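Visitor: I would like to learn how to read a model like this one. Could you walk me through it?

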Amino acid sequence: MTWLVGTIGIWLAAWALNARLAASGWARTTAGKLAVPILFGVTILVLWEGLVRGAGIAPVILPAPSAIAAKIAVSLPTLWLDFSQTFLKGALPGFVIGCGAAIATAIAIDRSPFLQRGLLPIGNFVAALPIVGLAPILVMWFGFDWQSKAAVVVVMVFFPVLVNMVAGLQASERMQADLMATWGASYWQSLVKLRLPAAMPFLFNGLKIASTLALIGAIVAEFFGSPIYGMGFRISTEVGRLGLDMVWAEIAVAALAGSAFYGLIALIERWVTFWHPSQRH
Amino acid sequence: MTRALPVLTVLAGIVAIWYAAAVWMNATWIFDQAERNGQTVTWAEVIPQTMDQARPLLPPPHQVAAELWKGVAGQAVTSKRSLVYHGYVTVKGTLMGFGLGIVMGVLLAMSIVRFRVMDMSVMPWAIISQTIPIVALAPMILTLSSQLGISGRDVPKAIIAAYLSFFPVLVSMVKGLRAPDQMQLDLLRTYGAGEGATFLKLRLPASMPYFFASLKVAIAASLIGTIVGELPTGAIEGLGARMLIGSQFGEPLIMWAALFAAAILAGMLILAVGVVERLARARMGVPA
C-alpha cells in the first residue's frame, strides 16, 4: 500500500514539476527541452516499478524495471550475440543493399518519364502493402541464417526509399534546371550538382521510414526459422518459457538499437541537408 | 488511357520477369529429379513442368491466381479454408486497431496542442515509440493479455495495430490543429469566442485535410500491425496465421495466396478510406 501511495505521490509531484518547467522561461533552453521528456520517462519507470511492487503483480505477467535491468546486467553476452546476429548481420546489410538498390533504380528510371509514370503508382501501392508477409517465403528460399533476414529487409525497405527518391529527383525547380541549362551543364553535371542535392530531404524521409522497417523485418523473419540465437528467436522462445524478464531485456535492446539507428540517420540528415528550411533553427 | 498505359506496361514487365524467374527457380528441382532417375530432360520438356508443380519454389502467377480463386470462391465463406473467412478476421482486427488508433491519436494531439507540458514531455516519447520495433512487443502483448484473462486474439491484435496506426494520425492532427494562423485566431477572439468554440469552429475544420491524409497511412499501418499480431505462435485465424501455416506445412501456394489476399485487402481498405474522404470533403463544401 505504501508503495502505491508513494508512487502516485512521486508521479503527481513530477508532473507538477514538469508543468512548472514547461511554463517557465527555462523551457526554451536546450537543457529544459531535454529535462522535461527525460523526467517524464523516468516517472513512467517509477510508476511501473511502484505498481508492480505495490499491487504485487507476478513477474510472469509484468516484471519490474529493476528486475529487467538486473537481467540485462547478467546476460550481456547473450544480448550482444543476439544483437549482432539480428542487427549487424540481418538488418544492416539488408538496409544498405535495399536502399542502395532503390536509389540506383530511381536514378536509372530518371531519364524515362514513361517508366516513372508506370513505376510510381505501383511503388506507392507496394509500399503500403504488408510486405512482412514475404518473410516466410524468403526464409524458405535463403535458409535460416542471416541471409534470409537481410533479404526480407531488402524487400521491405526498397519501395519506400524508391518512391521517395523518385519524388526527390523531381523536386528541383524549373528555374534551377533552366539555370543549369544556360551554363551548358550536361545531364550528369546537373544530376550531381543540382538534382541529387535537391533530392536529399526526400531521400532521408525514406531512409528514416526504412530504418524502423529494417529492424521489424529482421525480427519477424526470425519467427519463421533462425539459428538458435537472434533477437526474434530469443523473444519467441522466452515467451514460450515465460521468461518475461529476458523478453523485456530484448525489447529494451531493440528499442535502444532502433532509436539509435533512427537518431544516427537524423544526424546525417542534418549534416547533409543543412540548407533545407526544416533544418534551420 | 495515357495514365494507365505506363502502369500496365510496368505490370506486364513484372509478370514476364515473374514467369522467367519461376521457370529458372523451379527447373532445378526437375533436373535433380531426372538425374536421380537416370534420365535426361530437355528445356522444352522442363518448361511446361515448371508451370504446375504441387510445391513450387516460386509459383507462377496463374497458379497463385488459381489458388486465390479457389480460396475466395471455391469454399463456403464460413469454411476454415476460405480466404474470405480469414480476410474477415484480419479486417476485423485492422478496423478495431484503426479505430483505437484514431481515438488515441486525436486525443493525444488535442492535449498536445492545448497543454505545453504535454507537448514537451509526450511528443518526444511518441516519436521514440515508433522506432521501437513493435514485433518485439507483439508476442509480449499476446501473453500479457491472455494472463490478464482476455480471451481470444482480437484485443491484443487491435492494440498492436493501434500502436502502429496512432502515430500518423497524431503527427498530422498536431500539424492540422496548429494550422490556423494568427489572423484567424485573432478574428475569433474579436468575436468573443471561447476556447471550446475556437476549437470546434476553427481548429477542428482546419485540421480535416491533414486528418484524412493521415488516415490512408494509418489504415495501411494498421493492417501490417494486425498481420504481425497474427504471426507469432499459436494463431489459427487470419491471413497472417494462414501465411504461418503455409510456412510450417511447406505449402508455398497457401503462403502466396494469403500474401496476395492481404495485398488486395490493403488496396480495398485504402480505396474505402479515399471514398470516405471524398464524401466528407463534399459534405464540408470543399471544392473537388
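Guide: Gladly; we will go through the chain contact, some helix packing, the core and a few exposed places. Please keep in mind that this is a predicted model.

Visitor: Let's begin where the chains meet. How many residues does each chain give to the contact?

Guide: Chain A contributes 51 residues and chain B contributes 47 residues. On the side of chain A that touches chain B, the elements giving two or more residues include helix H1 (2-23), helix H2 (30-54) and helix H9 (187-223) of chain A. By class, that side of chain A has 39 nonpolar, 9 polar and 3 charged residues.

Visitor: Can we zoom in on one helix pair there? At what angle do H9(A) and H6(B) pack?

Guide: The angle is about 45 degrees, and the axes are 8 Å apart. H9(A) and H6(B) are therefore oblique to each other. From H9(A), A:Ile216, A:Ile219 and A:Val220 meet B:Ile134, B:Val135 and B:Ala136 of H6(B). This contact has 6 nonpolar residues, with no polar and no charged ones.

Visitor: And inside chain B, how do H6(B) and H7(B) pack?

Guide: Helix H6 (residues 134-147) and helix H7 (residues 154-177) of chain B pack at about 150 degrees, with axes 9 Å apart. An angle over 145 degrees counts as roughly antiparallel, and H6(B) and H7(B) are therefore described that way. Their crossing is right-handed. Among the residues that meet are B:Ile134, B:Ala138 and B:Ile141 in H6(B), and B:Val155, B:Ile159 and B:Tyr163 in H7(B). The contact of H6(B) with H7(B) divides into 10 nonpolar residues, 1 polar and no charged.

Visitor: Which residues have the most contacts inside the largest nonpolar core?

Guide: They are A:Val157 and A:Met165, in a core of 125 residues. Setting aside neighbours within four places in sequence, A:Val157 is in contact with A:Phe95, A:Gly98, A:Cys99, A:Ala210, A:Leu213 and A:Ala214.

Visitor: Now the opposite case. Is B:Ala20 buried or exposed?

Guide: A residue counts as exposed with 12 or fewer other C-beta atoms within 10 Å of its own. B:Ala20 has 11 such neighbours inside 10 Å, so B:Ala20 counts as exposed. This residue lies in helix H1 (residues 4-36) of chain B. Its C-alpha atom is separated by 25 Å from that of B:Arg36, 16 residues apart along the chain.

Visitor: Why does helix H8 of chain A lie largely in the open?

Guide: Of the 9 residues of helix H8 (residues 174-182) of chain A, the number buried is 0, so this helix lies largely in the open. After H8(A) comes A:Gly184, with a positive phi near 70 degrees.

Technical notes:
Residues numbered from 1 in each chain as written. Chains lettered and ligands numbered in written order. Predicted model: local features only at pLDDT ≥ 70, side-chain atom pairs only at ≥ 80, totals over all residues. Contact = placed C-beta atoms within 7 Å. Helix = DSSP H or I, 4+ residues; strand = E, 2+ residues; numbered from the N terminus. Nonpolar A, V, L, I, M, F, W, Y, C, P; charged D, E, K, R; others polar. Axes fitted to C-alpha atoms, helices over the stretch in contact; angles between N-to-C directions. Parallel < 35°, antiparallel > 145°, perpendicular 65-115°, else oblique. Left-handed = near helix turned anticlockwise from the far one by under 90°. Core = buried A, V, L, I, M, F, W, Y, C linked by C-beta atoms within 7 Å. Buried ≥ 20, exposed ≤ 12 C-beta atoms within 10 Å, placed from the backbone.
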